[in-house]
Amino acid sequence: MIGLVFWAGAGLVTYTYVGYPLLVTLLSAAFGRDRQYPPHSPKVTLIVAAYNEEAVIDRKLRDTAGLAYPSELLQVIVAADGSDDATAGIARTHGVEVVHRPERRGKMAAISRALEWATGDVVVFTDANNTLRPDAIEQIVAPFADPTVGAATGRKVTGGDSDLGFSEGAYWRYEAHLRQMESRLGCTVGVNGEIFAIRRDLLEAAPDAIVNDDQWMAHRVVKRGYRVVYQPESVSEEVVSSDAGAERERRSRMVAGQWQVFGRLHREIPWRRPLVAWMLVSHKIFRSLVPFGMVAALGGSIAATAVAPSGGLPALAPPWGPITLIAQAGFYAVAAAPALLRPVGKAAYVPRFLVNSNYAAARGLWRHMRGGQTAVWKRAERDQP
């Protein structure tokens with residue numbers, strides 16, 4: 001029984017972080033293909049979510065004005081509902097459409113109101129604190145020339161000189177690889193809310209209580225039989241906060257929001273599209289369960305070392321129980337004090353990042369289970385470029 005607990009936990013962690021990426025990469029190499037899209041310039045509505053973003057909204061809209069997309073085909077709407085600072089006033093000075101009510105009901109409620117004014121055939125969502133590269137809109141709308149494409153997501157690039165910035169950047173490069181491999185197989189299951197596009201006639205706004213609005217909308221597109229594609233040439237840049245506590249809170253909120261979506265869509269996993277269903281379970285659901293796999297693997301090693309059962313490797317007989325325990329203890333020691341290995345480089349911070357991320361994931365699930373995550377949340381402060 002002790003061996004079973006260990007192997008179940010270790011298997012979940014290994015499959016999620018290594019097994020699934022390896023399998024999807026091999027399948028992509030064997031059966032996937034890169035798709036080329038002809039030039040395509042639909043009418044676009046760009047919705048900028050901006051709650052109390054007076055510090056960055058001016059820069060955001062100046063950057064938006066510099067996007068390499070025909071101005072006559074680009075409608076810009078700032079969704080500033082609930083803002084009690086100068087966000088709405090600053091946005092109006094840029095001559096864009098501003099949706100603003102003083103009542104705060106959450107991001108999705110603000111976006112839903114903005115959608116009432118949308119005229120574009122494709123709606124692109126972005127945040128106020130990220131920067132879109134000049135060709136980001138041109139690149140992300142290109143796949144919509146294919147009628148089977150219902151939504152598209154771009155590539156998130158993070159910066160920052162801190163150890164956290166290095167680890168966050170490594171994580172997003174890892175995530176980008178997965179999304180590219182999934183997209184080569186036909187459909188990705190992960191999207192970035194900072195650069196996410198969807199056909200307006202397919203857009204089903206999430207209920208106001210939903211936190212991860214982008215994930216909800218992407219799932220609905222998949223459920224209706226369309227593809228979600230990854231466009232790495234469409235780039236959003238963002239500076240990561242140097243505050244690890246703020247990042248943990250942000251990730252907890254994201255995971256809580258993810259479980260909100262799974263709770264509402266558990267009967268809508270696209271089983272008739274088995275490849276996509278496998279991707280969704282492996283990439284999203286298992287990822288949220290990794291912290292429990294880590295606890296099970298550590299608990300199994302401790303119990304095997306203390307009890308010292310007889311039997312072969314599956315039962316963690318000596319010396320395998322102590323070996324697995326020492327290996328995990330070393331990993332958690334580095335996570336607790338990455339400075340000890342600082343001479344080897346910033347990579348020493350990766351174990352701490354993984355532990356913090358999975359601790360936040362466990363908090364997020366607990367928050368969801370007790371109904372503690374609402375659509376009205378305090379955003380994590382980010383460093384500014």
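**Charged pairs in a predicted model**

User: Are Glu238 and Lys156 buried or exposed?
Analyst: This is a predicted model, so the answer is computed from its atoms. A residue counts as buried when its relative accessible area is under 20%. Lys156 has 5% relative accessibility, so it passes that test. Glu238 joins Lys156 in this class, and the word for both is buried.

User: How many residues apart are Glu238 and Lys156?
Analyst: The two form a salt bridge, with 3.9 Å between their closest N and O atoms. Glu238 sits in strand E8 and Lys156 in strand E6, and their separation along the chain is 82 residues.

User: Which residue meets Lys156 in a salt bridge at 2.9 Å, N to O?
Analyst: Side chains of opposite charge can pair when their charged atoms come close. The 2.9 Å partner of Lys156 is Glu194. Lys156 belongs to strand E6, while this partner lies in the loop between helix H6 and strand E7, so the pair ties together parts 38 residues apart in sequence. Together with Glu238, these residues are linked in a network of salt bridges, and the partner you asked about is Glu194.

User: In which helix is the salt-bridge partner of Glu175, Arg287?
Analyst: The side chains of Glu175 and Arg287 meet at 3.2 Å, N to O. The pair is 112 residues apart, with Glu175 in helix H6 and Arg287 in helix H9.

User: Which residue's backbone oxygen does the side chain of Ser357 reach?
Analyst: Ser357 is part of helix H11. With 13% relative accessibility, it counts as buried. At 2.8 Å, its side chain reaches the backbone oxygen of Phe353.

Note on methods. Residues numbered from 1 in each chain as written. Predicted model: local features only at pLDDT ≥ 70, side-chain atom pairs only at ≥ 80, totals over all residues. Heavy atoms only, no water. Helix = DSSP H or I, 4+ residues; strand = E, 2+ residues; numbered from the N terminus. Buried < 20%, exposed > 50% of the residue type's maximum accessible area, 1.4 Å probe, protein only. Polar contact = N/O pair within 3.5 Å; in protein donor to acceptor, adjacent residues only side chain to side chain. Salt bridge = Lys/Arg side-chain N within 4 Å of Asp/Glu carboxyl O.
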